[in-house]
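Q: Could you take a close look at one part of this for me? I'd like to start from a single spot and then work through the pieces that go with it, in plain words.

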Amino acid sequence: MGKKKDKKIKGAEKTQKKTEKNLDKKTKKELRVKGEEDIEAIISQIEEQNLDKKTKKELRVKGEEDIEAIISQIEEQDRKRQQIVEEKCGPPSPRCNMTLVAHPERDILIMFGGEYFNGAKTFLYNDLFYYNIKTNEWSQIKAPNTPAPRCSHQAVILHQSGGEMWIFGGEFSSPTQSQFYHYRDLWVFNLKDQTWQKINASGGPSSRSGHRMVACRKMLFVFGGFHDNVRDFKYFNDIYAFNVETLKWMKLDISGIPPSPRSGCVMASTQDGNHVIVYGGYSKEHVKKEVEKGQIHTDMFMLSVDGKSKQESNPVKWKWVAVKQSGCRPSPRCSSSMVVTGQNRALLFGGVFDEEEDEECVKGTFYNELYNLELEKGRWHHILLRKKKDDNEPKKRRRKLKASPEEATSGATSEDEEYELSDIDEDVKKMRVGDGNLEQMETDDSTLTVKDEKIPDVVSENKIITYDDGVFSVEVKCPNRNPESHDLEVNPSSSDVEAFMPSARMNPLLAVKHGQLFLYGGTCEDGDRQITFSDFYSIDINKLSEWEVIIQQDSAQMDWQESESSDDDSESEDGANGGKAAKDAEKVKNIEEQDDDDDDDSDETEDDDDDDASDDEEPAPPVEPLEGAGPYFDRTKIYWMKTAENVAKKEKIDANAKQMKKAATGMAKDFWKQQQQQNKPAD
């Protein structure tokens, strides 16, 4: 009886829904006759108009134009250019999220676009640069009809017609980052004629940035990305294919479960054109009103030609398949960069892992690890390079990784806890990354070993070390490797020394030409400060020897300015506390004088403060040779923060975390200055 009753209820609900649907159709028909719109549509339009008015009002206050008007003006200026001009120049100004590809016929690398944020203002570029590998010279190409300035786009090189560079999508932001515009345009730059052409083809991807694009057979595959208009955002997991022969977007017949929506992943195609690999990435979602949660993806998918379609030049049927990864997998990260090196292998470098400390604060850990991926097998190898000690080598080439204070006191000296880039023995240097035999290579005095035992799916807990390149110091998370991991390294000897390597970063540019891997730029964060790298390196992937410096990072180019909003926040915070917080911060800043007083009165200290007193007696960490004030504080931050907290506790100073950090920074800087004066040679 109960089942029949349930069926009657469901039937009634179905009839009601059908009736409401018919009424909606009837109502809409009557509205069309009367020339009226649906009431919900009218309300939606009013809300949109109000938002536009509010946005325009905010722009007037900031002195900014509408973003589409800005882009239109730039495009109009580029259209007025009549001649193609190639002129020699210095290296590009600091920028990130541009593209770097290798010319298919000449010894040239090609850079396009990018952005630069100096803390207060954002700059977008549509510059086109050539880097001549043989002469080590830069030149800029100025051609008519150049695409509008953009960043986070994608570029792919094809060999046809004397060489072509294809560009898709990307984004443009206003100087204050209050407006964003995402592109969905497709461009081709003919390398032989040095001319730009916009491809007008319907049926392509929606506007987006942070997507990935690769060439496969006679097609360009575009996957993922995101769209952000300040008010809302959306991540994509759709995939499109563009036929470079017919100049049309193809409608693919795809089966299988695709990757979840994401941006910032890596993407590569296999040599036979039958597979496209997608690994990792980042996405975020709304968890509640005005609160977003980010997610870093570590999964891998393969898009493969389905069945008999392999015989077709441009197959339509494809299938998504999840890949079970093996080997020494990278720890979770996004915004890494990958480049195919040949023989169905690819190299991955860098990336960042964001840890959300609270709803508003995110801490990023950056990486400078190098991995080799077997594309068809999904097998990872962590590349560790070691070099023999050379007494004649310049000291600047021997920059060492400095352990954090916790590691320095732990007494750990295991080889598994080291993270370094070094040379490989001369005989082993002959091993190619693209070669298939990586089981074991024996030489006269060293062995390169890759173990193939079963590898745990989860990488063990990471250690934190501090990397110092003489300009910046950033946190680098280094996995504690399982002895059975797929690390590629020469068994170290007592004569091995640590060699120079590019510092940790995300979104570096990678390109391969004639067996050389080139790495340019990228970004990392130092507190609230964004560091945009302009350094340039190369390494022979056939020899796997030391990284060579083409352009050294120049700190003088770092023009960081505090935004007005951050200054306003500090002022309002101090004002809200009635000036007490500012006074307390000043007290903590003078901590060294208070430390001296505490030492004099140590006999009168209460028993409960014995532990704190012993901490105060600990000497300050010494400044290392050629170490800057910023790197010194980053290396010794724990000591100075602990010292500040101890004194604040004793003196009952009410200071928040931000003020405590500011005080600790000031103390470290003062100590650094004292050390510089003491170590200054006498005249």
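A: Start at His 514, which sits in the loop between strand E40 (509-513) and strand E41 (516-526); strands here are DSSP runs of at least two residues, numbered from the N terminus. This is a predicted model, where local features need pLDDT of at least 70 and side-chain atom pairs count only at pLDDT 80 or more, while totals for chains, interfaces and linings use all residues. Numbering runs from 1 along each chain as its sequence is written, and side-chain values use heavy atoms, with hydrogens and water left out.

Back to that loop. The phi of His 514 is near 50°, which is positive although the residue is not a glycine. Its relative accessibility is 63%, so His 514 counts as exposed (buried is under 20% relative accessible area, exposed over 50%, partly exposed in between, with a 1.4 Å probe and protein chains only).

Now put Asn 344 beside it. Asn 344 has a positive phi too, near 55°, and is likewise not a glycine. The loop that holds Asn 344 runs between strand E26 (337-342) and strand E27 (345-349). Here, though, relative accessibility is 17%, so Asn 344 counts as buried.

Another positive phi brings us to a hairpin. Strands E6 and E7 form that hairpin with four residues between them, and Asn 136 in the turn has a phi of about 55°. E6 and E7 pair antiparallel over five bridges (two strands pair if DSSP finds at least two bridges between them). In that pairing, Phe 129 has Gln 140 of E7 as its bridge partner.

What order do the strands take in the sheet around this hairpin? It is an open sheet of five strands, E1-E7-E6-E3-E2, paired antiparallel. At the edges stand strand E1 (85-89) and strand E2 (99-102); each has a single partner strand, so one side of each has no neighbour in the sheet. From one strand to the next the twist averages 25° (axes are lines fitted to C-alpha atoms, and angles run from 0 to 180 degrees between N-to-C directions).

Over on the E3 side, strand E3 (residues 108-112) and strand E6 (residues 128-132) run antiparallel and are joined by five bridges. Ile 110 faces Tyr 130 in E6, while Met 111 has Phe 129 in E6 as its bridge partner. Phe 129 thus turns up in a bridge to Met 111 and in a bridge to Gln 140. As for cover, four of the five residues of E6 are buried, leaving the strand mostly covered.

Phe 129 also leads into the aromatics. It joins Tyr 131, Trp 138, Phe 518, Tyr 520 and Phe 536 in one aromatic cluster. Across the structure there are 27 aromatic pairs (rings of Phe, Tyr and Trp, its six-membered ring, pair if their centres lie within 6.5 Å; planes under 30 degrees apart are stacked, over 60 edge-to-face, the rest tilted). Take Trp 138 and Phe 536: the ring centres are 5.9 Å apart and the planes meet at 45°, so this pair is tilted. Trp 138 belongs to strand E7 (residues 137-142) and Phe 536 to strand E42 (residues 529-540), so the pair ties together parts 398 residues apart in sequence. Both Trp 138 and Phe 536 are buried.

For contrast, look at Trp 187 and Trp 196, whose ring centres are 6.3 Å apart with planes at 85°, so that pair is edge-to-face. Trp 187 is buried, at 5% relative accessible area, and Trp 196 counts as buried at 7% relative accessibility.

One more sheet is worth setting beside the five-stranded one. This open sheet has four strands in the order E14-E15-E18-E19, again with antiparallel pairing. Its edge strands are E14 (212-216) and E19 (248-250), each paired on one side only. Neighbouring strands here are turned by 30° on average, direction ignored. Inside the sheet, strand E15 (residues 219-223) pairs antiparallel with strand E18 (residues 239-243) over five bridges, and Met 219 has Asn 243 of E18 as its bridge partner.
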